[in-house]
Amino acid sequence: MIKATFLFYGKGRCAACHSGDLLSDFKFHSIATPQGKFGVSVDGQDLGRSEISLRYGDRFKFKTPSLLDVSNTKPYGHNGVFNSLDGVVLFHLNPIPFFKDRDMSKGELYNYGRILASRSELLSYIEIFDEEEFQNLLEFLKTL
Ligand code: HEC
């Protein structure tokens, strides 16, 4: 069995963003979080960091949250769109399953590609390949 800390700091590349004592680099990244119901831009969209910086490249970036006590802080994501810990972690690895049970509005259907394109390249280095590793990673998160 691979050590759970190695999954977080090694294969999972989680500490590329969730680093330091508080497990956050306090920087802004995009994991392509789907829109919630409220936002200050057109049609209730939330463009994230770019609402403030006005830079196109900052669109859909949000500050990395601390993971301390994370198993007790659901819902997840800045807008609470993820109901479960395994759901938000899986979304980092692969956003597709999230949409299986989601009732997408036409607006989201035609717009989500823009958000997906903002997804940080850092997420492409994650190397969690099986259920056992995924579950061990979740167990590690529950100890924080
Ligand atoms: C590219 C930087 C980055 C990497 C790498 C990353 N995360 Fe995240 N993570 C984020 C950001 C940014 C959010 C918040 C997204 C939002 O608010 O919509 C987040 C949210 C989370 C959350 C939800 C926390 C909350 O309170 O809402 C968990 C749990 C989490 N990440 C775990 C992980 C794990 C486990 C890994 C490794 C497999 C990982 N992250 C890798 C940037 C990253």
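This passage looks at the iron site and then at how some of the helices pack in a predicted model.

The iron atom of the ligand picks up two donors from the protein, the NE2 atoms of H18 and H92, and these lie 2.1 Å from it. The two residues come from distant parts of the chain, 74 residues apart. H18 sits in the loop between α1 (4-11) and β1 (28-29), while H92 belongs to helix α3 (residues 85-93). Are H18 and H92 buried or exposed? Both turn out to be buried.

As for the geometry, six donor atoms surround the iron, and the angles they subtend run from 87 to 180 degrees, so the arrangement is octahedral. For comparison, ideal angles for six octahedral donors are 90 or 180 degrees.

Now for the helices. Two packed helices are described by the angle between their axes and the distance between the axes. Take α3, the helix that carries H92. The axes of α3 and helix α5 (residues 131-141) come within 11 Å and cross at roughly 125 degrees. That angle makes α3 oblique to α5, and the crossing is right-handed. On the α3 side, the residues involved are L85, D86, V89, L90 and L93, which meet F134, L137, L138 and L141 of α5.

Helix α5 also packs against α1, with axes that come within 8 Å and cross at roughly 100 degrees. An angle between 65 and 115 degrees counts as roughly perpendicular, so that is how α1 and α5 are arranged. Here A4, T5, L7, F8, Y9 and K11 of α1 touch E133, N136, L137, F140 and L141 of α5.

Methods. Residues numbered from 1 in each chain as written. Predicted model: local features only at pLDDT ≥ 70, side-chain atom pairs only at ≥ 80, totals over all residues. Heavy atoms only, no water. Donors = N, O, S within 2.8 Å, 3.2 Å for Na, K, Ca; no water. Tetrahedral: all angles 85-135°; square planar, octahedral: opposite > 155°, others 65-115°. Helix = DSSP H or I, 4+ residues; strand = E, 2+ residues; numbered from the N terminus. Buried < 20%, exposed > 50% of the residue type's maximum accessible area, 1.4 Å probe, protein only. Axes fitted to C-alpha atoms, helices over the stretch in contact; angles between N-to-C directions. Parallel < 35°, antiparallel > 145°, perpendicular 65-115°, else oblique. Left-handed = near helix turned anticlockwise from the far one by under 90°. Contact = heavy atoms within 4.5 Å.
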